[in-house]
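This briefing goes through a structure by topic, beginning with a strand pairing and ending with the contact between the chains. Please keep the sequence and the model open while reading.

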Amino acid sequence: MTRPALTDRLRQLLGNEAVADGDDAPPLVLPTDEATCALLLRTASVEGWRVAIVGAGTWMPPPSAADLRLGTARLDALGPVDPADLVATALAGVRWDTLRRGLGDQHVWLAQDAPGGNRTLGSVLATGTTGPLRSGFGPLRDQVLGLSLVTGDGRVLHVGGRVVKNVAGYDLAKLALGTFGAFGVITRVHLRLRAVPRADCTLSIPGTRDDLLEAGREVLASGLTPAALELLSPAAAKSQPWLLAVRLLGSDTEVSAEQTAVQAVLPGTATHHRGSDAAAVWDRPLETAVTAPVTVRVGATPATLDEALDLVALHLDEPIADWIMATLSAGVVRWSGTATPEALRRLRRAAAEHEWPMTLERAPWHVRAEVGHFGAYREGVVRIVQGLRASFDPAGVLVTSIDPPP
Amino acid sequence: MSIASQALDAIAGVVGPRWVRGDQASRETYASDGLSTLHALPGAVVLPGSRDELLRVVRILAHHGVPFVARGAGTGLSGGAVANADAVVLGLTRLTRILDLDPENRRAVVEPGVINTRLSKAAAPYGLHYAPDPSSQTACTVGGNVAENAGGPHCLKYGVTTQHVLALEVVLPSGDVVELGSPGGEPWGPDLVGVFVGSEGTFGIATRITVRLTPLPTAVRTLLADFDSLRAAGEAVSAIIASGIVPAALEMMDGTCVRVVEASIYRAGYPTDAAAVLLVEVDGRDETAVADLAEAAAAHLRRAGARSVRSAREAAERERLWQGRKKTFGALGRLSPDLVVQDAVVPRSALPDVLEAISAIAARYGVTVGNVFHAGDGNLHPNITFDRRDADQRHRVQRAAAEMMQVCIAAGGTITGEHGVGIDKLRYMADLFDPSTLGAMRAVRRVFDPAERANPGKVIPVRSCREWSGSFGHRADASVVPAVTAEPAS
C-alpha cells in the first residue's frame, strides 16, 4: 500500500484528526485515547502494517522500516496525583518536564532524573533511561507501580496497581520497561512518589579518574548510599579534569551529617553547590548526553568500574574525549558519542566476557538495526524473549531492535 | 494419578533412596504450607542435596512429564507450596550454601535454601544485611522469598525482594538452565529477573540467587504510640507518610492484637486499653539526624491524637516491642484454635475507612478480627480467629474474609501485598484483573513452562477459581477456609 493510500485508510479508520498530515515519513497516528491505540494495533496486526512507536519523536530517530508511526504525544494528561498516598497516574505521552513540574506543584517528587525534558514519560519508561538518582532510589522500574499496555495485537492490559506493594499475579510491567516498545505501547502509568526533600546538597571534587573512583568507593565503604554518586568525564562535566559529584537528600540534619561523612573520605575539600549552581552540576551532563548520536550503557559492578571504563575507552573513546557518566553504586557506565556498529559490537563482545551487559540506549536506526539494543542473548534466554515477543505481538507488527541482530 | 515408578527410581539413582520420600507420613509432612487447612498429599517428596542433583531431577521429571512443586521452608501463607498426588514436591532445604559474600560490591550469591536471617548474620560483620525481613525470617528461605516477592516490616524503607535481586540462575521446567540478570543487576535485555521474582514457582526454580546487601543502620529509634481509635492511628500513618519522613518500619496493631500479645509470653509492654498502637522505627547512620526524625515522627503522632508516644530506651526494649509485633500471629492462637491470615493492600489514605469497614464486616458476621499489619505500606493483615470444627463459624469466616477482600479492591487496593496468590487468592484474581490481562499472564507462564508442570494450578485461574481450587484436596473439615496455626510469613 502506498503512503497516501495508507494515510487515507488510517483516516477512515481513526478519524482525520488522529492522523497527522504526511510528509516524507510514514504516516503519524496520534491517538487521544487507549481505545484508538488498541484499534490501530488490532488493525495493523490483521493488515500486516509495521508500526513504530515514537512517543513525542524527540529522543531518537524512529525506525525507518515502519509503515506507520504511533505517537503518544496526545495522551498527555497528568492525574490524579495523590500527595497523601504519594502516588500519581499519568498518561504516557505527558512530557517529562511537564510531569516533573506538575508533581512539584503539589509538593511531591518522582525520584528519577533521566535526561531529555521534552520527551514523553513513555519514552523514559520504554527506553529504561535513568539518571544519577539511580544510586539512591534504584532504577526506574522501582518507581512504577503499575501501567496499561496495548499489545502488538491490540489487547489492553492493566498490570500492577496503584498501591505501593502488590504481588497479585505476574509483574508484566517489567516487560514493558526498558524494552523499546517491543511488547506494546505504554499508555498509562501509576508512579510511586516521594515528598520533596527538605535538604538537597551537592558536593563535587575534581581529580584523576582513578583517584575519584577510589574516593567514590570509599564513600560507599563508609556505609553511605548517597542519592547520587557519579563520576563525570571532562566532556560530561564541561570542566577539567574528571569530576566526582555527590548528591545528598533528606532532612536538614541527615544531609548535614552525610555531608560531613562524605567530606571525611574525599581526598580534598569538595565544592559545595547550592541552588542553580547545584542544578547545573547535574543538568549539564544530562543535557550534553543527548547531543551525540549514540549512547551505550555497560552494567559492571562497583569494584570493576575502572575495568569497564578502560574497556569503553579501548573500544569507543581512545583518548577519552567523549561523554561518560559512571554510577558508582550501580557499577554502570554510560557513554555518549559517535561510534560505528563494528566498534559497538567489539565493545559488546568484550563486555560479555566479563558478564557485563551492554545496552544500546540511543542510536540512529541503522545502528540499532545492525547492532541491536541488547545484542545476542545468552543461551536459553533467546527462546524466552522470542516466546514473550510472540505472545505480546503475534503478528510481529511492532518494529523494534531488541531481537538478536542478524 | 500416581507418579511413574521409573521416574522415582531414576530420581533415587541421582539423590539416593534416602532422599526420595513416598511413605504416607513423609508426604503428610509436606501436605500443607503455612496455610494449614489447605491440604493435599503430594505424590512424592524429593530432597536434592546439590544444584547438580536438582538439575538432574528436574530433567528426569521433564522426561516423564511429571509436575513438580518447589518448596523452601513451607512458611508461605497462600497454599503456594501444596502439591497434588500427581506431582513431586522438590524440597530445597538442603541447598544451603552461601556461595559468595562480596562486601565491596554489596552483594551475595546464595543457594535457594539459605535461610533469610542466616544471610543477614553472615553479612553483618561487613556492616551489611539482607533487607527483606518477613516475620518468618528465622525459618523462611531466600528461594521462597524470591518466589513470593516477600516483604516484611522494614520493606517500607528498603523495598521488597524484587528490589534486592540482581541475578538468577534458573532451571526451567524443561531442565534447561538460564542465566538472568547480571552480577551488578543490569538486565541483559528485558528484565526477566523482575518478571521471575514473584512468579511463585510457576516459571522454574532459582538455583543460584545474587542479592543486593544493604548497609546496616548505625542509629535506630523505635517509637510506640497508642490511640483511642483505629481511625486516629490510620490518620497518623497518613500524616507521617505525607510529611516526607520515610520510616524504616511503620506497623499497626489493633486492640485485639495488643491484648493477646500482652497476655502471652511475648508481652511487650503495649497499653492494653488502647484501640490501636503504632510501632514507628526510623534509622540512619547519624544519631542526631535519627533523633530529629524520631522527634518529627512523634510530633505527627501526637497531632493525630496519640495518647502517648514512647521511645524505646535501649536495644532490649526495642527488641521486645518488635518481638511482640512479630509473634502476634502465634499469640492470636490464645483466642481460638484456627486463624485466617488475610493479606491485602489499600492506598494509605484509605486505611481509616477500610479499617472501619473491616470492623463492620466482622461485627456483621460475628467473627473476631485482629489487625496487625504494615501500615506504612497500606498492607493489611486482617486476621480472623475461628474454630474449624464449627461449620457455621467456618462459613461465616469464609464470607467475611471474602467481603474484606472486596472492600480492599473497591478502595483501589489489591488482594495480596506479600503472601502471593497461590491457591488461596485465585478466587479473587478475576475481580482484580480483566480477562485480557489474565490471559496475557497465562501466556507468559507458558513461555517459561509450556506444559504448566511447575507448580500447577497456582497464581492464574483458568476460567473460574472453582476449576482450580477443585483440583486440590482440602481437609474435609476445613472446606476452603484458609487458616494457619503455624508461625506465618508476613
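In chain A, strand β7(A) pairs with strand β9 (residues 185-192) in the antiparallel sense, over six bridges. The model is predicted. The points below start from this pairing, then move to chain A as a whole, to chain B and to the contact between the two chains.

**Strand β7 of chain A and its partners**

- Within the pairing of β7(A) and β9(A), A:L147 has A:V189 as its bridge partner.
- β7(A) also pairs with strand β8 (residues 156-160) of chain A, again in the antiparallel sense, and this pairing has five bridges.
- In that second pairing, A:V150 is placed opposite A:V156 of β8(A).
- β7(A) and β8(A) make a hairpin, with five residues between the two strands.
- A:G154 lies in the turn of this hairpin and has a positive phi of about 85°.
- Is β7(A), residues 144-150, mostly covered or mostly open? It is mostly covered, since seven of its seven residues are buried.
- As a general point, side chains in a regular strand alternate between the two faces of the sheet.

**Chain A as a whole**

- Chain A contains 14 helices and 18 strands.
- The C-alpha trace of chain A spans about 65 × 50 × 40 Å along its principal axes.
- The radius of gyration of chain A is 22 Å, which agrees with the value near 22 Å for a compact globule of 406 residues.
- Buried residues make up 57% of the 406 residues of chain A.
- Among contacts in chain A with a separation of 6 or more, 68% join residues 24 or more positions apart.

**Domains of chain A**

- The domain assignment divides chain A into domain 1 (78-195), domain 2 (199-287) and domain 3 (290-371).
- The C-alpha centres of domain 1 and domain 2 of chain A are 27 Å apart.
- Seven residues from domain 1 of chain A and 11 residues from domain 2 of chain A take part in the contact between these domains.
- On the domain 1 side of this contact in chain A, three residues are nonpolar, three are polar and one is charged.

**The five-stranded sheet of chain B**

- Chain B has an open sheet of five strands in the order β5-β6-β10-β8-β9, with antiparallel pairing.
- Why do β5 (98-102) and β9 of chain B each have one side without a neighbour in the sheet? Both stand at the edges and have a single partner strand, so one side of each is left free of a neighbour.
- From one strand to the next, the twist of this sheet averages 10°.
- β5(B) pairs with strand β6 (residues 107-110) of chain B in the antiparallel sense, over four bridges.
- B:D102 has B:R107 in β6(B) as its bridge partner.
- Helix α4 (residues 116-123) of chain B lies across β5 and β6 of chain B and runs at about 40° to β5(B).
- Helix α3 (residues 51-64) of chain B lies across β8 (165-171), β9 and β10 (205-212) of chain B, and its angle to β10(B) is about 140°.

**Domains of chain B**

- Chain B is divided into domain 1 (5-91), domain 2 (98-215), domain 3 (219-262 + 277-313) and domain 4 (335-469).
- A distance of 25 Å separates the C-alpha centres of domain 2 and domain 4 of chain B.
- In the contact between them, 13 residues of domain 2 of chain B meet 17 residues of domain 4 of chain B.
- The domain 2 side of this contact in chain B consists of seven nonpolar, four polar and two charged residues.

**B:G16**

- B:G16 sits in the loop between α1 (5-15) and β1 (20-21) of chain B.
- B:G16 counts as partly exposed because it has 13 C-beta neighbours inside 10 Å.
- B:G16 and B:M441 are 425 residues apart along the chain, and their C-alpha atoms are 37 Å apart.

**Contact between chain A and chain B**

- The contact between the chains involves 72 residues of chain B and 62 residues of chain A.
- On the chain B side, the elements that give two or more residues include β9 (177-181), α7 (192-196), α8 (230-243) and α10 (287-303) of chain B.
- Which element gives the most to the side of chain B that touches chain A? It is α16(B), with eight residues.
- By class, the chain B side of the contact has 30 nonpolar, 29 polar and 13 charged residues.

Key: Residues are numbered from 1 along each chain as its sequence is written. Chains are lettered from A and ligands numbered from 1 in the order in which they are written. This is a predicted model: local features need pLDDT of at least 70, side-chain atom pairs count only at pLDDT 80 or more; totals for chains, interfaces and linings use all residues. Domain bounds come from an automatic or database domain assignment. Two residues are in contact if their C-beta atoms, placed from the backbone, lie within 7 Å. Ala, Val, Leu, Ile, Met, Phe, Trp, Tyr, Cys and Pro count as nonpolar, Asp, Glu, Lys and Arg as charged, and the others, Gly among them, as polar. The radius of gyration is taken over C-alpha atoms; the globule rule is 2.2 Å times the number of residues to the power 0.38. A residue is buried if 20 or more other C-beta atoms lie within 10 Å of its own, exposed if 12 or fewer, and partly exposed in between; C-beta atoms are placed from the backbone. Two strands pair if DSSP finds at least two bridges between them. Axes are lines fitted to C-alpha atoms, for helices over the stretch in contact, and angles run from 0 to 180 degrees between N-to-C directions.
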